[in-house]
Amino acid sequence: MGARIVFLLGCFLGMLHADAAVEELREEIERLTQRLDQIEKEKLQEKQASQQKGFLELTSDQTVLGVGGRIDLQSIWGWPEGALFADSRIPLESAHDNAQMKMSARDSRLWVKSRTPTEYGALRTLVEIDFWGSDGNEKNVNGHNPRLRHAYLQIGGLTAGQTNSAFNAFVTVDTISFIINDTFVRQPLIRLSFENETLGYDLSFEQPETTLVDKNGAILTPQDDVVPDIIARVRYYPSWGEAALAVMGRSIAQDHTSLSDTTQTTKKDSAFGYGVNLSAKIKTFDRDDIRFDAQYGKGMGRYLAYDAYAAGFIDDAGNIALQKSYGWHVGYRHYWAKTWRSTLAWAYAATKNDSRVLHAKKELVNKSASSLQANLFWNAVPNGLVGVEYVKGKREVFSGKQGDIDLALLIFRYDF
Amino acid sequence: MVKKIFLACSVMACLGGCYREYASNGGEVTYDVRDHKLQSTTLKELMLRLDVSISDNYKSELEKEDTRVRYALRLSSDVQKVADRLKEMAHKDFNKRLSNEDARIYNESVERLENCAHAIEKVAKNYEVEHLDSKIANLKQSCVACHSRFGVAYGR
């Protein structure tokens, strides 16, 4: 009896021991399998790393890099000759020249952007260039230097670097050529933004640059600015479209400036300039919309129409008299089909100069300009655009002289 | 762009069909169909506005991203509202008309819709705009799956 018990107990212990051994073996296999997986994973990572080496190395492995740009070919026929369309470039009657045709790919662009997650949210950067850096010639190779357009970073509500001014028209018309009252400036700035579902607020401190006209009609840049241009903007995103109101305050200053006749002013002076810009897009039928932009200010200067209307006048002594300027445009965009659309736009810009300051060269100082633009665009392929546009522009200067221009544009563009 | 418009129309058609069918199913109408039509129109416009690739010559790439993110967040918010209303329908009396199995699938579909809204919101908040199209495609799939189950059965 006792022997039997001892035998059974032995068998039982043996089984227990065998089970434990099997379990141990299983765990060992599992450990080995995991180790093998780990080794294979490490090898794969090493292989991938070695493959990536030499191609692209980023400062952070969490950074996402994007590269893009566009190819843009513009063909422009001008009567009389003219390529870029802006107030000051509309020739006066005495300067009439023959028609001219120009082709250019200078508006092609290249950009690199990055996105890196941080504890304050995504840190985004953008560097963008085009090829308006310097004029080449059309004789042989049409070489044009690159030009910096944007170089800035954004994190949280902070924007720092060079990019579009907050005073710019928030809604722009869909045209190939510039609109005659364009409020468009790109410059170094520091901007704080706050967003909610339907509203956005911006407070922007931007690079100042005074432009003044002297008695000879020459536009001077005294380079004596000490206070940044300050712009506050409210953006609104209702169900009916988009709208924004921007208000700007700026100091216009000069300190013993050299005039165009090489004499120097005997004193320094400064004045407070301001501007208001309201732009909106209102949806109408289907995908159609109507867009408008209107601005008014005293001392707006370079913010309107590419400095066609200087911020103010400077007399021989150095006194500054700011000038009022204003403009507006309205455009209707219609979709003929999903890939065909047109815009008809009408624009006007003008100034209320203090003409007593002008002693001569009144034909050099712009009084007003207007434009009519009509186009047809076709999205032949996604991100590809073919378009034609007709432009009629008129300009008047303070001497009473007028001029006009007709432009026809053909564009091929592809965003990649 | 054509793809996006197709997606937008599909999503709207699906959502629109659901409410309209339920409302015309006789008995007490517990959901305002006009509300839904307005929601559908808003969503469709938002989907269209997400395509701002080349029509704005002045905006920088990051500004275009900002625009897409803003519209994506609004889209997410509106889809969430649609999901909330679908839940409301279920809590009132809609589930009573369904078999247990259909009620389970319906609730799962609403949950999937919510997940899609959250996924779009997450991608937008992180500025991962390159993933937006795939998240919107998921949204479309979610709607199509639900309506292939319920749209026909309750669509008389």
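Here is a walk through a predicted model, taking in chain B, a cavity, a surface patch, some backbone oddities and the salt bridges.

Let's start with chain B. Its secondary structure is easy to keep in your head: there are five helices and zero strands, so from the N terminus on you simply read α-α-α-α-α. The chain has 156 residues, and buried ones make up 54% of them.

Now for the empty space inside. The search turns up six cavities of 30 Å³ or more. The largest cavity has a volume of about 110 Å³, and 13 residues line it. If you want to find it on screen, look for A:Arg70, A:Arg109, A:Asp415, B:Glu61 and B:Lys64, which are the lining residues nearest its centre. As those names show, residues of chain A and chain B both take part in the lining. On the chain A side, β1, β3 and β21 (402–415) each give two or more residues to the lining, and on the chain B side α3 (61–94) does too. What kinds of residue make up this lining: nonpolar, polar or charged? Nine are charged, while two are nonpolar and two are polar.

From there, turn to the surface of chain A. A nonpolar patch is laid out there, built from A:Leu56, A:Leu58, A:Leu65, A:Val67, A:Ile71, A:Leu110, A:Val112, A:Val381, A:Tyr414 and A:Phe416. Together these residues have about 880 Å² of accessible area. Two strands of chain A, β1 (64–79) and β3 (109–118), give two or more residues each. Of the elements involved, β1(A) gives the most, with three residues. For a single example, take A:Leu110, which sits in strand β3 of chain A. Why can A:Leu110 belong to a surface patch? Patch residues need over 30% relative accessible area, and A:Leu110 is partly exposed at 39%, so it clears that bar.

Next come a few spots where the backbone is worth a second look. The peptide bond from A:Trp79 to A:Pro80 is cis, with omega near -10°. A:Pro80 itself is in the loop between β1 and β2 (100–104) of chain A. Then there are two residues with a positive phi of about 50°, A:Asn142 and A:His256, and neither is a glycine. Each is found in a loop of chain A. For A:Asn142 that is the loop between β4 (121–134) and β5 (145–155), and for A:His256 the loop between β12 (241–255) and β13 (268–283). Are these two buried, partly exposed or exposed? A:Asn142 has a relative accessible area of 35%, so it counts as partly exposed. A:His256 comes out at 37%, which also means partly exposed.

That leaves the charged pairs. Over all chains, the whole structure has 33 salt bridges. One of them joins A:Glu128 to A:Arg149, with the closest N and O atoms 2.6 Å apart. This pair links distant parts of the chain, as A:Glu128 is in strand β4 of chain A and A:Arg149 in strand β5, 21 residues apart. Where do the two partners stand in terms of exposure, buried or exposed? A:Glu128 has a relative accessible area of just 3%, so it is buried, and A:Arg149 counts as buried because its value is 4%.

A:Arg149 has another partner as well: its side chain meets that of A:Asp130 in a salt bridge of 3.1 Å, N to O. Here A:Arg149 lies in strand β5 and A:Asp130 in strand β4 of chain A, so the pair ties together parts that are 19 residues apart in sequence. Both A:Arg149 and A:Asp130 are buried.

For a pair that sits in loops, go to A:Lys215 and A:Asp261, whose closest N and O atoms are 3.5 Å apart in their salt bridge. A:Lys215 is in the loop between β9 (212–213) and β10 (219–220) of chain A, and A:Asp261 is in the loop between β12 and β13, 46 residues apart. A:Lys215 is partly exposed, with a relative accessible area of 23%, and A:Asp261 is partly exposed too, at 29%. Finally, shared partners join A:Asp174, A:Asp289, A:Arg291, A:Arg333 and A:Arg341 into one salt-bridge network.

Definitions and conventions
Residues are numbered from 1 along each chain as its sequence is written. Chains are lettered from A and ligands numbered from 1 in the order in which they are written. This is a predicted model: local features need pLDDT of at least 70, side-chain atom pairs count only at pLDDT 80 or more; totals for chains, interfaces and linings use all residues. Side-chain values use heavy atoms; hydrogens and water are left out. Patches are made of residues with over 30% relative accessible area and no salt bridge: like charges are joined within 9 Å, nonpolar side chains (Val, Leu, Ile, Met, Phe, Trp, Tyr) within 5 Å. Accessible areas come from the Shrake-Rupley method with a 1.4 Å probe; for residues, only the protein chains shown count as cover. A salt bridge is a side-chain nitrogen of Lys or Arg within 4 Å of a carboxyl oxygen of Asp or Glu. Helices (H or I, at least four residues) and strands (E, at least two) are DSSP runs, numbered from the N terminus. Buried means under 20% relative accessible area, exposed over 50%, partly exposed in between (1.4 Å probe, protein chains only). On a 1 Å grid over the protein atoms alone, a cavity is a set of points where a 1.4 Å probe fits but cannot get out, and a pocket is an open set with protein on both sides within 12 Å along at least five of seven lines; lining residues have an atom within 4 Å of a point. Grid points are joined across faces, edges and corners, and a volume is the space filled by probe spheres set on the points. Ala, Val, Leu, Ile, Met, Phe, Trp, Tyr, Cys and Pro count as nonpolar, Asp, Glu, Lys and Arg as charged, and the others, Gly among them, as polar.
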